[in-house]
Amino acid sequence: MGDLFEFVPSKYYKLKNEEILSSVGKIPLISNSSLNNGVMGFSEMQPLNKGNSITCSDTTCGTDTMFYQKDDFIGYSHVKHLIPNSIMLKKFNKYVASFIISACRTSVSDKYNYGFKYNSEAMNATIIRLPMHNNNIDFEFMETFIAELEAQRITELEAQRIAELEAYLTAAGLKDYKLTAEEEEAYEKFNDNEIIFNGICFKNVFNKIVQGRRLKKEDQQPGEIPFVMSGVTNNGVANYISNPIASFPKNSITVDIFGNTFYRDYNFGAGDDTGVYWNDETIYDKSAMLFFASAMSKATAGKFSYGKKLRSSQSLELKMMLPIRNGEIDYAFMQTFISAIQKLVIKDVVAYSDRKMTATKQAAGM
């Protein structure tokens with residue numbers, strides 16, 4: 001490797017970790033992480049290191065932190081900058097870099113550990129196998145080989161994406177995401193404010209409004225039961241447990257102490273910071289429950305916090321705005337409207353996915 005690159009410490013600003021993580025901008029900050037191409041954050045500061053090069057930490061056990069850097073960047077402590085020499089520079093690009101990094105990882109596999117780290121001397125002494133033509137490094141072969149691999153992977157990913165999308169649309173009954181005449185009418189009436197809404201108390205929709213039970217983290221036993229607590233990460237599912245505690249039925253809605261609201265189409269457990277809402281006499285379909293969840297979320301938005309927590313017993317008189325027809329809740333409209341929204345969302349996802357795939361193909365030169 002010493003015949004191909006100059007190994008120098010990357011140039012970096014003396015920043016604390018919290019300053020790096022809180023930075024904003026477009027200039028990548030390269031750390032000794034093995035994740036996200038080594039990018040720890042972004043900054044508005046001037047880049048100190050040239051791109052079209054490779055970085056690698058000299059404090060790790062191997063090449064898991066070795067990445068190609070397309071753009072100019074700011075380094076971090078212990079990150080080495082591998083700058084292509086004059087012979088390499090004319091032919092060096094992301095494809096050649098990918099080939100070299102792969103060859104390097106193969107060469108040093110299982111040779112280093114925490115007691116014998118992959119430092120600058122080891123990088124410099126690493127011998128890699130590269131394709132040759134007329135006693136010269138065959139850069140064209142490396143570029144073509146990696147480009148073809150990427151193109152093949154993109155094709156495979158595209159086929160996988162289409163198959164997964166088709167399967168989801170079929171399972172969700174949304175194979176055809178074109179709005180029906182009824183769905184278009186419901187959507188237009190909603191946008192044109194032609195639907196009458198009234199406030200309906202939570203207690204008049206659900207005959208079961210129950211607070212979950214406290215279960216300390218240290219008491220939670222690993223299992224397959226989703227355990228819901230306050231928060232929005234993973235829709236509030238904080239863990240999977242086996243404790244037979246506070247089990248609630250699917251087709252329920254949870255509202256935590258802050259008002260975060262989610263529909264559950266599976267059986268689950270819930271902590272004491274979460275209220276659960278369902279009706280075991282009037283079985284609402286999924287569309288109605290999704291509409292309820294959205295209406296309940298709006299009803300609680302901005303009203304609760306650490307200083308004013310929501311408990312299910314305090315929510316009985318809270319009112320959600322629901323469509324009314326002839327003095328009754330208009331379940332038919334709710335079902336048609338939710339179906340329309342689902343189709344519109346799926347349509348947007350398909351369009352977004354297609355745009356991303358097209359952009360990926362263009363970036364790969366396909």
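Is Tyr13 buried, partly exposed or exposed? Tyr13 counts as partly exposed, at 29% relative accessibility (buried is under 20%, exposed over 50%, partly exposed in between; 1.4 Å probe, protein chains only). This is a predicted model: local features need pLDDT of at least 70, side-chain atom pairs count only at pLDDT 80 or more, and totals for chains, interfaces and linings use all residues. Residues are numbered from 1 along each chain as its sequence is written, and side-chain values use heavy atoms, with hydrogens and water left out.

**Tyr13**
- Tyr13 sits in the loop between strand S1 (5-9) and helix H1 (17-21); helices (H or I, at least four residues) and strands (E, at least two) are DSSP runs, numbered from the N terminus.
- Not counting residues up to four places away in sequence, Tyr13 touches Met45, Gln46, Leu48 and Ile74 (heavy atoms within 4.5 Å).
- A polar atom of the Tyr13 side chain lies 3.0 Å from the backbone oxygen of Gln46.

**Aromatic pairs**
- The whole structure holds 19 aromatic pairs (ring centres of Phe, Tyr and Trp, its six-membered ring, within 6.5 Å; planes under 30 degrees apart are stacked, over 60 edge-to-face, the rest tilted).
- Phe206 and Phe292 are edge-to-face, because their centres are 5.8 Å apart and their planes at 80 degrees.
- Phe206 lies in the loop between strand S9 (197-201) and strand S10 (208-211) and Phe292 in helix H7 (residues 286-300), so the pair ties together parts 86 residues apart in sequence.
- Phe206 is buried at 3%, and Phe292 is buried at 0%.
- Phe258 and Tyr306 are also edge-to-face, with centres 4.8 Å apart and planes at 65 degrees.
- Tyr306 is exposed, at 68%.

**Cluster**
- Ring pairs join Phe202, Phe206, Tyr277, Tyr284, Phe292 and Tyr331 into a cluster.

Notes
A polar contact is a pair of N or O atoms within 3.5 Å; within protein, one must be able to donate a hydrogen and the other to accept it, and residues adjacent in sequence count only if both atoms are side-chain atoms.
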